[in-house]
Amino acid sequence: MDAFLHQLLSGLATGGIYASMALALVMIYQSTHHINFAQGEMAMFSTFIAWALMQSGFGYWPAFAITIAASFAMGMIVQRFVIRPLGSSSHLSLVVVFIGLLLIFNSVAGWIWGYDVRPFPTPFPEDLRVLGGFVTAHQAGSIGITLVLLVGLYAFFRYTPLGLAMRGAAQNPVSSRLVGVRVDLMLGLGWGLAAAIGAVAGMMVAHLLFLEPNMMAAVVLYGFAAALLGGIDNPWGAVAGGFLLGVFENLFGTYVIGHDLKLTLALVVIVAVLTFKPAGLFGVRRVRRV
């Protein structure tokens with residue numbers, strides 16, 4: 001029973017990181033109705049910025065705050081100078097651009113910082129275990145940060161004028177322009193928020209996986225699976241999907257297929273959801289009349 005409880009709680013902790021990445025992917029999707037395949041590499045690049053700041057003498061939390069701000073600016077720059085000029089280009093063109101961004105961020109990070117594997121610190125006590133000793137402080141902290149992000153985003157989009165303007169620009173850009181909303185700016189802010197959320201996920205996962213340019217390859221796949229599982233247009237659903245996927249991966253990988261095939265589970269989830277329930281568990285199926 002103790003082993004099962006340990007796997008369950010560890011799965012929730014891992015799912016918190018998947019949920020953060022899923023949340024970032026949903027932010028982009030709600031703004032542009034496209035999946036940013038470079039989201040993981042942008043998060044990795046942001047994590048290297050945090051590491052460089054800490055190597056320069058900054059404490060964890062000051063480096064964390066500066067990295068969030070830098071990631072927000074990076075997201076807005078990518079939207080303004082890369083995505084916005086594409087306008088109404090085809091989906092295939094955007095997919096190619098996203099893949100190009102993935103390769104660019106990966107290569108530039110390797111060129112600047114190299115491909116050596118580096119440890120990344122945690123702001124939480126490393127020798128402290130919580131919930132009966134089954135979960136480390138870092139794992140519990142990752143869950144807490146994800147939930148704080150979710151509640152903060154909900155309050156922002158539900159109760160602030162800027163958040164409402166961003167929702168309107170994403171859902172109906174034509175009508176939003178007619179009432180004076182700067183749609184391009186709102187979309188840029190959406191990209192900035194997604195990049196900042198991705199940076200949080202990168203800094204949380206780097207302590208577990210160690211820091212190197214390819215560290216987010218599997219995490220973004222799990223994040224994509226979590227977003228689809230919960231609902232690609234539903235932030236709450238994406239977070240729930242992240243936690244569900246983390247628990248499912250841990251339990252199924254430990255007791256059924258072993259750890260070598262755990263990554264395959266994400267692919268199975270993606271195929272199954274797209275085949276049988278494209279809207280996800282908590283998404284809304286929209287029927288469009290033509």
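Visitor: What makes R177 and D184 a salt bridge?

Guide: Bear in mind that this is a predicted model. Here the side chains of R177 and D184 come to 3.8 Å, N to O. The cut-off is a Lys or Arg side-chain nitrogen within 4 Å of an Asp or Glu carboxyl oxygen, so the pair counts.

Visitor: And why is R177 called partly exposed?

Guide: Its relative accessibility is 46%. Buried would be under 20% and exposed over 50%, so R177 falls in between.

Visitor: How many salt bridges does the structure hold?

Guide: There are 2. Besides R177 with D184, there's D184 with R84, at 3.2 Å from N to O. That is also within 4 Å, so the pair earns the name.

Visitor: What does the pair of D184 and R84 tie together?

Guide: Parts of the chain that are 100 residues apart in sequence, because D184 sits in helix 8 (residues 183-209) while R84 is in the loop between helix 3 (60-83) and helix 4.

Visitor: Are D184 and R84 buried or exposed?

Guide: Neither label fits. D184 has a relative accessible area of 29%, and R84 has 37%. Both values lie between the 20% and 50% limits, so each residue is partly exposed.

Visitor: What joins R84, R177 and D184 into one network?

Guide: Shared partners do it. D184 pairs with R84 and with R177, so the salt bridges link up.

Visitor: Let's go to the surface. Which residues form the nonpolar patch?

Guide: F37, V95, I99 and L103, with about 320 Å² of accessible area together.

Visitor: Why does L103 count as exposed?

Guide: L103 lies in helix 4 (residues 91-113). Its relative accessibility is 52%, and exposed means over 50%, so L103 passes. A patch asks for over 30%, so that value also clears the patch cut-off.

Visitor: Now the second largest pocket: which residues lie nearest its centre?

Guide: S31, T32, H34, G87 and L187, out of 21 lining residues. The volume is about 380 Å³. Elements giving two or more residues to the lining include helix 1 (2-32), helix 6 (161-171) and helix 7 (173-178). Helix 3, helix 4 and helix 8 are on that list too.

Visitor: How confident is the predictor, and where is the mean pLDDT lowest?

Guide: The chain averages a pLDDT of 85, and 92% of the residues score at least 70. Among the elements, strand 1 (residues 129-130) has the lowest mean, 72, and helix 2 (residues 39-55) the highest, 95.

How values were computed: Residues are numbered from 1 along each chain as its sequence is written. This is a predicted model: local features need pLDDT of at least 70, side-chain atom pairs count only at pLDDT 80 or more; totals for chains, interfaces and linings use all residues. Side-chain values use heavy atoms; hydrogens and water are left out. Patches are made of residues with over 30% relative accessible area and no salt bridge: like charges are joined within 9 Å, nonpolar side chains (Val, Leu, Ile, Met, Phe, Trp, Tyr) within 5 Å. Accessible areas come from the Shrake-Rupley method with a 1.4 Å probe; for residues, only the protein chains shown count as cover. Helices (H or I, at least four residues) and strands (E, at least two) are DSSP runs, numbered from the N terminus. Buried means under 20% relative accessible area, exposed over 50%, partly exposed in between (1.4 Å probe, protein chains only). pLDDT is the predictor's confidence in each residue, from 0 to 100. On a 1 Å grid over the protein atoms alone, a cavity is a set of points where a 1.4 Å probe fits but cannot get out, and a pocket is an open set with protein on both sides within 12 Å along at least five of seven lines; lining residues have an atom within 4 Å of a point. Grid points are joined across faces, edges and corners, and a volume is the space filled by probe spheres set on the points.
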